[in-house]
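This briefing goes through one structure by topic. Please have the sequence and the 3D view open while reading.

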Amino acid sequence: MLKIKNLHASIEDNEILKGINLEVKPGEVHAIMGPNGSGKSTLSSVLAGRDEYEVTEGSVEFLGQDLLDMEAEDRARAGVFLAFQYPVEIPGVSNINFLKTAINEAREKKGLEPMPAKEFLSRVKEKAKLVGLEGKFNNRSVNEGFSGGEKKRNEIFQMAMLEPKLAILDETDSGLDIDALKVVADGVNKLKSPDNATIVITHYQRLLDYIIPDYVHVLSNGKIVKTGGKELALELEERGYDWIKEEAVNA
Amino acid sequence: MLEATVEMSQKDKFLSHFGMIDFSFDKSPFKEKRKEAEDRLSNMEFPTSKTEYWKYTRVNKLIRQEYILGEQELSSEIDLGVPTENCLVFINGYYSEELSWTKSEEGIDFMPLSKAKEGNQPLADRFDQLSKKEEIFSTINSAYHQDGVFFHAKKGKLAESVYYVINISAGEKAISNPRNMVIMDEGSSAKMIFKNLSASEGYSFTNQLTEYFVGRNANLEVNKIESESDEAFLISNDECQQDESSQFKINTISLSGALLRNNLNIDLNGSHTETWMNGLSLLHGKQHVDHHTLIHHREPDCVSHELYKTIADDASTGVFNGKVYVHPIAQKTNAYQSNANMVLTDEAAVYSKPELEIYADDVKCSHGSTTGQLDEEALFYLRSRGIGQKKAIAVLLNAFLSDLVEHIGVEHLREEVQAVIDEKYSGVK
Ligand SMILES: Nc1ncnc2c1ncn2[C@@H]1O[C@H](COP(=O)(O)OP(=O)(O)OP(=O)(O)O)[C@@H](O)[C@H]1O
Ligand SMILES: [Mg+2]
């Protein structure tokens, strides 16, 4: 589904990603962990199509298409979804209109009619329930004045509405209390299917108690320096990252 | 032989445009008011680059031009498309009976000013009281105005219809001085729309003045739509006086025209009044739009809200100068002012100058002014959800303007303005 090969990216002449290799297959859950500033958010931004980053080397293939060649909106329509580490507030745009526009833009590009209002609303209802939002935020401006936890739930709500093929969750668990964490994890698990895949970026092994990863990768200084199973997350929690950095240097 | 050549001054040249108009229809006291204005003019000059009040708006190119007194009829058809029962249409300052229609409503006078001048006492009592005697364009209007609308809501009358006034500048080089009077008696309420349109290409100049008397406990909403040709000049003076416990809202919607200058002056003459001054300017090309507002809080316990927003595209220029003056006696004044501007290109600019002069101590006044570009973070967020670049920009601009659109209290007009916004920004780069 996703094939990242030797990806290098920089911003303002600082190289942040220094040769990432990663393959994600349908149905898989990958966790990416790593110290602050190692490039996790940069990787997700590059995948989502943020213009500020310059890709200097490497390739990314998504469902057989050259992802790097696509505009951000086209990537989203093709099924890439990024849950932002810092969701953006958009005053004056209601949550519900925002989602309606997003869904109908994607449909229009596929030559479909706008989604009937009734179908849209029942989908909103169903998905909001999934993340414990139950119509609470529909008429409020996107993320405006939302608490940190509410913003994260709203990201998962949007994901549920848009039904992506590849979801990248950038620290969706940080700032969540344990109940919210369960709700979010539950939401993600319910949306899992053999056809879609998830990349979970996190600092905390506790999320991985709920979203069980098939692989855990450690990103350090712009490279994936170690890959393992879910037990690697536990080890990281106990031992920190230093031993891996050393391993990487010695290797 | 000696030949005396007298160079005509720019002002005299400009004023000579009006020498042809026959004002003999005016009787007392209107005749005298004209004469007074004409006399004042002899000692006045046009603003220069040194005149603070006109700092960002040069009138030179406007007064240098040759003008002609425009036709009183339209040479081509125009679709006014106005869904209301009451509409008076003026062409180059002259009343067009043919294009106007009215449905009389008990307790409302709605007629051409020229007709009201024939003996309407409330008009005679108030005429030209509010115009700024030291302002040259107002004075020109007072001296040489043609026709305009007279609207009077009698005591306690709540107008059912929306009252529409359309001024059309027609024909190249047309110049006109439309003049309006609105009187709201105690406890009355009404909604009005004033629209400026062009019926032809080429430059034109409209110099209009409206006086609003909003009586005790009365409520008036005025919507001004400026939608002229891309070469048109428009100077608009709006003078309002509010009595105790009255409410006045004015929405100025500036859509097109080469140079639009709006002077809005409000005098709060009684306590417990509420005022809304709103401006929505959508600029393109080389447009220049200048809003100067001044509100005098002369009595205690009054509230004023001011919200002006501009989107400046291409190489356009916006100006906002909003002055709030709180007199010593005006305790418990609440005055809120906000000016927000969005500049879409490097060549566009908006100059913003809030001026607060506060001489009372127990007041709540706030002002804020922001000028910026589209929020790139928000834009990326929208795009990352599959909303295309153009649509995403339109969504953000719409959100920026939405509170102003909501202020328009006439539904069909709100929809009309929304449609203009949608059309204008559907194709933004
Ligand atoms: N606009 C920018 N200009 C310069 N450097 C940047 C910019 N954006 C990110 N960086 C740098 O890139 C590096 C990687 O940042 P990134 O946000 O990808 O880290 P991260 O792994 O997500 O960290 P965290 O765990 O704190 O979220 C950091 O050193 C950061 O300072
Ligand atoms: Mg990060």
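The points below cover a chain interface, a metal site and one loop residue.

The model is predicted. Chain A and chain B bury about 1900 Å² between them. A magnesium ion (ligand 2) has protein donors in chain A, Ser41(A) and Gln85(A). In chain B, Ser316(B) is a buried loop residue.

**Interface of chain A and chain B: extent**

- The size of an interface is often given as the accessible area lost when the parts come together.
- Of the roughly 1900 Å² buried between chain A and chain B, 63% is on carbon and sulfur atoms.
- Arg50(A), Glu73(A) and Val88(A) lose the most area on the chain A side, together 24% of what that side buries.
- Chain A gives 30 residues to the contact, and chain B gives 17 residues.

**Interface of chain A and chain B: polar links and make-up**

- The rule finds five salt bridges across the interface.
- One salt bridge joins the side chains of Arg385(B) and Glu155(A), at 2.8 Å from N to O.
- There are 13 residue pairs in polar contact across the interface, with both residues at pLDDT 80 or more.
- On the side of chain A that touches chain B, the elements giving two or more residues are helix 2 (72-78), strand 6 (80-83), strand 7 (90-94), helix 3 (95-109) and helix 5 (148-162).
- The residues on that side of chain A divide into 17 nonpolar, five polar and eight charged.

**Magnesium ion (ligand 2)**

- The protein donor atoms are OG of Ser41(A) and OE1 of Gln85(A), lying 2.0 to 2.2 Å from the ion.
- The two donors come from distant parts of the chain, 44 residues apart: Ser41(A) is in helix 1 (residues 40-48) of chain A, and Gln85(A) is in the loop between strand 6 and strand 7 of chain A.
- Ser41(A) counts as partly exposed because its relative accessibility is 26%.
- Gln85(A) has a relative accessible area of 16%, so Gln85(A) counts as buried, the cut-off being under 20%.

**Ser316(B)**

- Ser316(B) sits in the loop between strand 17 (303-312) and strand 18 (317-326) of chain B.
- The relative accessible area of Ser316(B) is 0%, so Ser316(B) counts as buried.
- The side chain of Ser316(B) reaches the backbone oxygen of Asp313(B) at 2.7 Å.
- Leaving out residues up to four places away in sequence, Ser316(B) touches Leu283(B), His284(B), Gly285(B), Lys286(B), Gln287(B), Glu347(B), Ala348(B) and Ala349(B).

Terms used:
Residues are numbered from 1 along each chain as its sequence is written. Chains are lettered from A and ligands numbered from 1 in the order in which they are written. This is a predicted model: local features need pLDDT of at least 70, side-chain atom pairs count only at pLDDT 80 or more; totals for chains, interfaces and linings use all residues. Side-chain values use heavy atoms; hydrogens and water are left out. Helices (H or I, at least four residues) and strands (E, at least two) are DSSP runs, numbered from the N terminus. Buried means under 20% relative accessible area, exposed over 50%, partly exposed in between (1.4 Å probe, protein chains only). A polar contact is a pair of N or O atoms within 3.5 Å; within protein, one must be able to donate a hydrogen and the other to accept it, and residues adjacent in sequence count only if both atoms are side-chain atoms. Contact means heavy atoms within 4.5 Å. Buried area is the accessible area (1.4 Å probe) that two parts lose on being put together, summed over both. A salt bridge is a side-chain nitrogen of Lys or Arg within 4 Å of a carboxyl oxygen of Asp or Glu. Ala, Val, Leu, Ile, Met, Phe, Trp, Tyr, Cys and Pro count as nonpolar, Asp, Glu, Lys and Arg as charged, and the others, Gly among them, as polar. Donors are N, O and S atoms within 2.8 Å of the metal (3.2 Å for Na, K and Ca); water is not among the atoms, so sites may look incomplete.
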